[in-house]
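Here are my notes on this model, set out as numbered points. Please read them with the structure open.

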Amino acid sequence: MIINLEGQKDEPSGYDILNRAIFYACRMISSQKERDFTKQHYNDLNRVYSIWICMNMDQCIWNYVHLTDDALLAEHRWKGKLDLINIVLLGLPGKLPEQKEGYELYRLLGALFRSCREIICTDCAG
């Protein structure tokens with residue numbers, strides 16, 4: 001498994017973040033050739049996760065983008081792993097969400113990043 005974690009201070013306005021996440025995930029897949037497998041041993045590909053955390057969003061957001069197989073004409077099960085490319089997009093609001101079920105991850109990340117921002121800002125001011 002290969003994991004790429006990207007933090008953004010907010011949702012970028014100069015480009016579509018999903019396009020960048022797809023690009024990063026594809027690069028992580030293609031970089032495995034000759035490093036993690038050789039020749040035509042594509043079954044040795046490792047699963048990749050590209051996780052993007054955008055802060056200062058209006059609400060808590062959690063999207064999971066992955067490959068699917070939609071049979072359009074005849075049903076056939078192609079051999080292979082649909083779970084090789086995984087993209088997770090998380091949006092954190094400026095303030096911590098309420099303490100209720102389903103928001104534990106956001107509270108943890110929000111507290112962690114707020115602590116990091118406070119440490120960084122304190123160090124910069126000194």
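1. Salt bridges come first. The structure holds four of them. The model is predicted, and the distances below are computed from it.

2. The pair to look at is Asp83 and Arg47. Their side chains form a salt bridge, with N to O at 2.6 Å. This pair links distant parts of the chain, 36 residues apart. Asp83 sits in the loop between strand E3 (61-66) and E4. Arg47 sits in the loop between helix H1 (17-30) and strand E2 (48-57).

3. How exposed are the two partners? Asp83 is partly exposed, because its relative accessible area is 30%. Arg47 is also partly exposed, at 32%. Both values fall between the 20% and 50% cut-offs.

4. Another of the salt bridges joins Glu34 and Lys33, at 3.5 Å from N to O. Glu34 has a relative accessible area of 55%, so it counts as exposed. Lys33 is partly exposed, with 31%.

5. Glu75 and Arg77 also meet through their side chains in a salt bridge, at 3.7 Å from N to O. Here Glu75 is exposed, with a relative accessible area of 59%. Arg77 is exposed too, at 66% relative accessibility. As general background, side chains of opposite charge can pair when their charged atoms come close.

6. Asn86 deserves its own point. This residue belongs to strand E4 (residues 85-93). Is Asn86 buried or exposed? Its relative accessible area is 1%, under the 20% cut-off, so Asn86 is buried.

7. What does the side chain of Asn86 meet? One of its polar atoms lies 2.7 Å from the backbone oxygen of Asp83. Asp83 therefore appears twice in these notes: its side chain meets Arg47 in a salt bridge, and its backbone oxygen lies by the side chain of Asn86.

8. Beyond its neighbours within four places in sequence, Asn86 is in contact with Arg47, Val48, Tyr49 and Ser50. Tyr64, Val65 and His66 complete that list. Arg47, the salt-bridge partner of Asp83, is thus among the contacts of Asn86.

9. Now the chain as a whole. Its secondary structure comes to two helices and four strands. Along the sequence they follow the pattern β-α-β-β-β-α. Among contacts with a separation of 6 or more, 68% are between residues 24 or more positions apart.

10. Last, the surface. The chain has 126 residues, and 27% of them count as buried. About 9500 Å² is exposed, with carbon and sulfur atoms supplying 54% of that area.

Terms used. Residues are numbered from 1 along each chain as its sequence is written. This is a predicted model: local features need pLDDT of at least 70, side-chain atom pairs count only at pLDDT 80 or more; totals for chains, interfaces and linings use all residues. Side-chain values use heavy atoms; hydrogens and water are left out. Buried means under 20% relative accessible area, exposed over 50%, partly exposed in between (1.4 Å probe, protein chains only). A polar contact is a pair of N or O atoms within 3.5 Å; within protein, one must be able to donate a hydrogen and the other to accept it, and residues adjacent in sequence count only if both atoms are side-chain atoms. Contact means heavy atoms within 4.5 Å. A salt bridge is a side-chain nitrogen of Lys or Arg within 4 Å of a carboxyl oxygen of Asp or Glu. Accessible areas come from the Shrake-Rupley method with a 1.4 Å probe; for residues, only the protein chains shown count as cover.
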